[in-house]
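Here are some comments for a colleague who is opening this entry without having seen it before. Please keep the sequence and the 3D view at hand while reading.

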Amino acid sequence: MVSDRSDLPDNIGYGENADRMRNIGQVFPVLFFLVAALISLTTMTRMVEEERTQIGTLKALGYSKGAIASKYLGYALIATLAGSIVGVLLGEKFLPFVIVTAYKIIYHHIPNIELPYNMKFAVIAVGAALVSTLGATLAACYKELASTPAVLMRPPAPKEGKRVLLERVTFLWKHLSFTWKSTVRNLFRYKKRFFMTIFGIGGCMALMIVGYGLRDSIMDIANLQFKEIQVYDAMVILDTESSAAAKEDLEKQVSSDVRVENYTKTMMQKDTVQIGKKLWDLYVMVPENVTEFMQFVNFRDRVSGETYELTDEGAILTEKIASELGLKVGDTISIEDDESGTVEVPVAAITENYLSHYIYLTPALYEKCFHEEPEYNEILFRLSEDAKEQLLAVGEEFLSQDAALSVSYTETLMGQLDDMLEALDAVMIVLIISAGLLAFVVLYNLNNININERKRELATIKVLGFYDGEVSAYVYRENILITIIGIFAGVVLGIILHRFVIVTVEVDACMFGRNINLPSFLISSAFTVAFSIFVNVVMHFKLKKIDMVESLKSVE
């Protein structure tokens with residue numbers, strides 16, 4: 001037998017982790033960039049609109065449209081380049097350092113990894129940032145510069161109020177106070193800000209849900225695989241070259257050990273299936289006694305929870321390989337076997353599974369499809385509850401038999417998987433923190449813009465006798481409602497993005513869960529609410545500084 005380094009578990013695991021990182025790196029930057037582009041677009045648009053008086057003055061003095069626009073384009077260019085340079089310098093060093101350091105916990109042989117700057121990614125990131133900010137600035141300038149100087153030197157007319165849909169629900173509308181009616185109307189009066197804020201909050205909320213959801217989906221697969229699906233404690237792999245007597249002696253020792261609660265013999269062989277030009281490993285598993293085997297492996301549908309039984313009518317295929325092959329119940333799978341050639345096997349059910357790919361057949365079905373009797377080369381066993389701590393000792397005793405080649409413990413596999421996923425957890429934490437900070441920036445930026453563009457309105461309210469707390473509450477009600485709507489939008493968007501990201505970051509050998517646990521939704525919502533409250537507190541002091549004289553100034 002000749003093995004190359006691709007057969008070494010450490011090498012395979014390292015490669016799969018690298019694949020996961022690459023897949024995550026292809027998805028998350030796009031999501032973050034879309035939200036960041038929204039902030040840039042909103043900020044630059046607001047900046048140009050706020051300086052319409054200066055634009056009108058410059059235009060009246062004879063400056064060309066290009067000269068006026070170049071001022072704002074230059075500002076956007078300098079700000080974007082400065083931010084991009086800082087982002088590249090820190091982003092290509094700090095975040096990779098955190099991730100690599102986390103992986104060193106499980107890969108002790110890794111030397112000090114070099115983290116050179118990747119100019120390709122830097123150019124792509126800077127180019128995309130420049131296109132979004134300069135494009136937004138150019139669009140805003142074009143809109144303002146289309147007006148005459150006389151129009152630009154006057155402040156924009158306030159948005160006119162319109163009847164909203166809620167007013168038609170009379171039994172609800174008539175019970176609202178004046179302030180709440182005003183709040184509802186204001187929400188829909190500034191539609192652009194309304195949808196921008198919802199998209200911003202919803203996008204950041206979705207990113208946090210995806211981060212927490214990835215933790216839920218990835219961290220649970222070890223427990224799901226080895227505590228709910230494959231529920232045996234260990235597997236004794238037989239030496240196929242040993243005599244029948246030696247195999248019988250080993251089986252007698254397993255059956256007579258009082259610590260063993262139950263056991264069963266199976267045959268497992270590795271074959272391949274082809275998807276396009278790529279070959280996938282598939283483990284063919286055949287139990288000697290189907291009834292006993294059902295105590296060690298549970299077959300169920302991941303969504304409905306329906307359970308299946310192994311019968312002679314067809315095989316049970318695991319979910320991911322069925323999905324990759326595009327197979328459903330009633331179809332036939334083509335398996336490439338070294339001895340039997342291409343084997344056609346009918347699929348009777350598709351079962352939940354997360355690690356590796358299996359197809360389960362009864363002895364009769366195997367003999368019918370492969371035209372040979374199965375050669376049982378494994379013994380699965382489970383210890384009684386009071387003997388679990390003696391698992392390693394029991395395994396060593398079985399290994400003393402000539403027919404025992406090796407023992408594989410599910411507890412060891414779970415430990416290796418947990419170590420691997422703990423390293424991945426560091427990546428999830430970085431993503432969650434980044435999404436949280438982005439949510440704070442979005443909330444602060446959009447709330448700041450909201451107050452700046454409504455200074456005259458808020459100053460007028462203060463002149464009419466509203467106290468500082470009442471003015472703040474006037475704005476807070478809108479912020480709270482938009483935040484709540486944004487959270488619900490973020491939940492929907494987060495579920496969709498989570499499903500997309502999970503499918504993208506999976507590697508060939510395993511399937512991640514599709515679940516997002518309730519605490520993940522609650523924690524993401526709590527962070528968003530906390531950021532909103534903090535921003536509202538900061539904005540309260542800004543509202544107090546609004547000058548009431550502003551509302552009395554003539555627009556001329």
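The numbered points below go through the cores, one buried helix residue, the cysteines and a surface patch.

1. The reader should bear in mind from the start that this is a predicted model, and that the remarks below rest on values computed from it.

2. The largest nonpolar core has 57 residues, and those with the most contacts inside it are Phe28, Leu207, Leu214, Leu458 and Val501. At least two residues of this core come from each of α1 (9-50), α9 (191-219), α10 (221-229), α16 (410-452), α17 (455-463), α18 (468-505) and α19 (518-544). Of these helices, α16 gives the most, with 12 residues. In soluble globular proteins, nonpolar side chains tend to be buried together.

3. Leu207 is a useful residue on which to centre the view, since its partners can be listed in full: leaving out residues up to four places away in sequence, Leu207 touches Phe28, Leu31, Phe32 and Val35, together with Ala435 and Leu438.

4. A second core, separate from the one just described, has 24 residues, and among them are Val273, Leu317, Ala322 and Tyr376.

5. Is Glu144, which lies in helix α5, buried or exposed? Glu144 counts as buried because its relative accessibility is 6%, which is under the 20% cut-off. When neighbours within four places in sequence are set aside, the residues in contact with Glu144 are Val48, Glu49, Arg52, Ile55 and Leu152. Ser177, by contrast, is 33 residues from Glu144 in sequence, and the two C-alpha atoms are 38 Å apart in space.

6. How many disulfides does the structure hold? The number is 0, although cysteines are present in the chain, including Cys204, which is buried with a relative accessible area of 0%, and Cys510, which also counts as buried, at 3% relative accessibility.

7. On the surface, a nonpolar patch is formed by Leu77, Leu81, Ile85, Leu89, Tyr117, Met119 and Val123, which together have about 650 Å² of accessible area. The elements that give two or more residues to this patch are α3 (65-91) and α5 (119-145), and α3 gives the most, with 4 residues. Ile85, one of the patch residues, is found in helix α3 and counts as exposed because its relative accessibility is 51%, which is over the 50% cut-off. Helix α5 thus appears twice in this note, as an element of the patch and as the helix that holds the buried Glu144.

Conventions. Residues numbered from 1 in each chain as written. Predicted model: local features only at pLDDT ≥ 70, side-chain atom pairs only at ≥ 80, totals over all residues. Heavy atoms only, no water. Patch = residues over 30% accessible without salt bridge, like charges linked within 9 Å, V, L, I, M, F, W, Y side chains within 5 Å. Areas by Shrake-Rupley, 256 points an atom, 1.4 Å probe, with all protein chains shown as cover. Salt bridge = Lys/Arg side-chain N within 4 Å of Asp/Glu carboxyl O. Buried < 20%, exposed > 50% of the residue type's maximum accessible area, 1.4 Å probe, protein only. Core = buried A, V, L, I, M, F, W, Y, C linked by side-chain atoms within 4.5 Å. Contact = heavy atoms within 4.5 Å. Disulfide = S-S within 2.5 Å.
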